[in-house]
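Visitor: Got a minute to walk me through this one? I'd like to start with the charged side chains and then look at the packing.

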Amino acid sequence: MHTGKKVRLRAIREEDLDTIVRIWMDNSLLASDKIPYPLDLEEVREYLKKILSDGNGYIFAVETLADHSMIGTINVSGINWHHRYAYVGISLDSELHNRGCGTDAMEILLRFIFEEMNLNKVKLEVFEFNPGRSRCMKNAASAMKGGCAKKSSAKVDTTMCS
């Protein structure tokens, strides 16, 4: 278990699945993520199994320290061990946006990636209408004294931190 100031990252449990379905099916998330939709409970279960079984990523539940409620997921995927980079993603309950939980979770994940996985770079792809994810990544990288570069196309921003 990896702990920050407001949240901890832990393994996903069976009882988290209903919450994950609700969070992932939030309209703002559907429009800005690679999650195939709409998903039902069984499809979420299969999607998580696929992520965890390919050996090329990790997905964690994000849980608050205050009341131990599961508020979202955060992941590292697309790991390229040769070039030492990976992609990250975060999905939090929309009612908890702009409260620092995402930044705290991302700081924990970045520490895990840079210190335990020994990677050198992370990438986050976000749609231009979802600046919150980019801001979350930049805040977390700044807290860790890392740097971020931004590359934009018409619809997708890629923020890379090292």
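Guide: Sure. Here a salt bridge means a side-chain nitrogen of Lys or Arg within 4 Å of a carboxyl oxygen of Asp or Glu. Keep in mind that this is a predicted model, where local features need pLDDT of at least 70, side-chain atom pairs count only at pLDDT 80 or more, and totals for chains, interfaces and linings use all residues. Residues are numbered from 1 along each chain as its sequence is written, and side-chain values use heavy atoms, with hydrogens and water left out.

Visitor: OK, how many salt bridges by this rule?

Guide: Five. One of them pairs glutamate 63 with arginine 8, at 2.8 Å from N to O.

Visitor: Where do glutamate 63 and arginine 8 sit in the chain?

Guide: Glutamate 63 is in strand β3 (residues 58-64) and arginine 8 in strand β2 (residues 7-10), so the pair links distant parts of the chain, 55 residues apart. Strands are DSSP runs of E, at least two residues, and helices are runs of H or I, at least four, both numbered from the N terminus.

Visitor: Is glutamate 63 buried or exposed?

Guide: Buried, because its relative accessibility is 4% and the cut-off for buried is under 20% relative accessible area; exposed is over 50%, and partly exposed is in between (1.4 Å probe, protein chains only). Arginine 8 counts as buried too, at 14%.

Visitor: What else does glutamate 63 meet in a salt bridge?

Guide: Arginine 13, at 4.0 Å from N to O. Arginine 13 lies in the loop between β2 and α1 (17-24), so this pair ties together parts 50 residues apart in sequence. Arginine 13 is partly exposed, at 39% relative accessibility.

Visitor: Which residues end up in one network?

Guide: Arg8, Arg10, Arg13, Asp16 and Glu63, joined by salt bridges that share partners. Within that set, aspartate 16 and arginine 10 meet at 2.8 Å, N to O, and both are buried.

Visitor: Switching to packing: which residues have the most contacts inside the largest nonpolar core?

Guide: Leu9, Val62, Ile74, Leu109 and Ile113, in a core of 25 residues. A nonpolar core is a set of buried Ala, Val, Leu, Ile, Met, Phe, Trp, Tyr and Cys residues joined through side-chain atoms within 4.5 Å.

Visitor: What supplies the largest share of this core?

Guide: α4, with eight residues.

Visitor: And what does isoleucine 113 touch?

Guide: Val76, Val88, Asn118, Leu119 and Val122, leaving aside residues up to four places away in sequence; contact means heavy atoms within 4.5 Å. There's also a second, separate core of 12 residues, including Ile23 and Val44.
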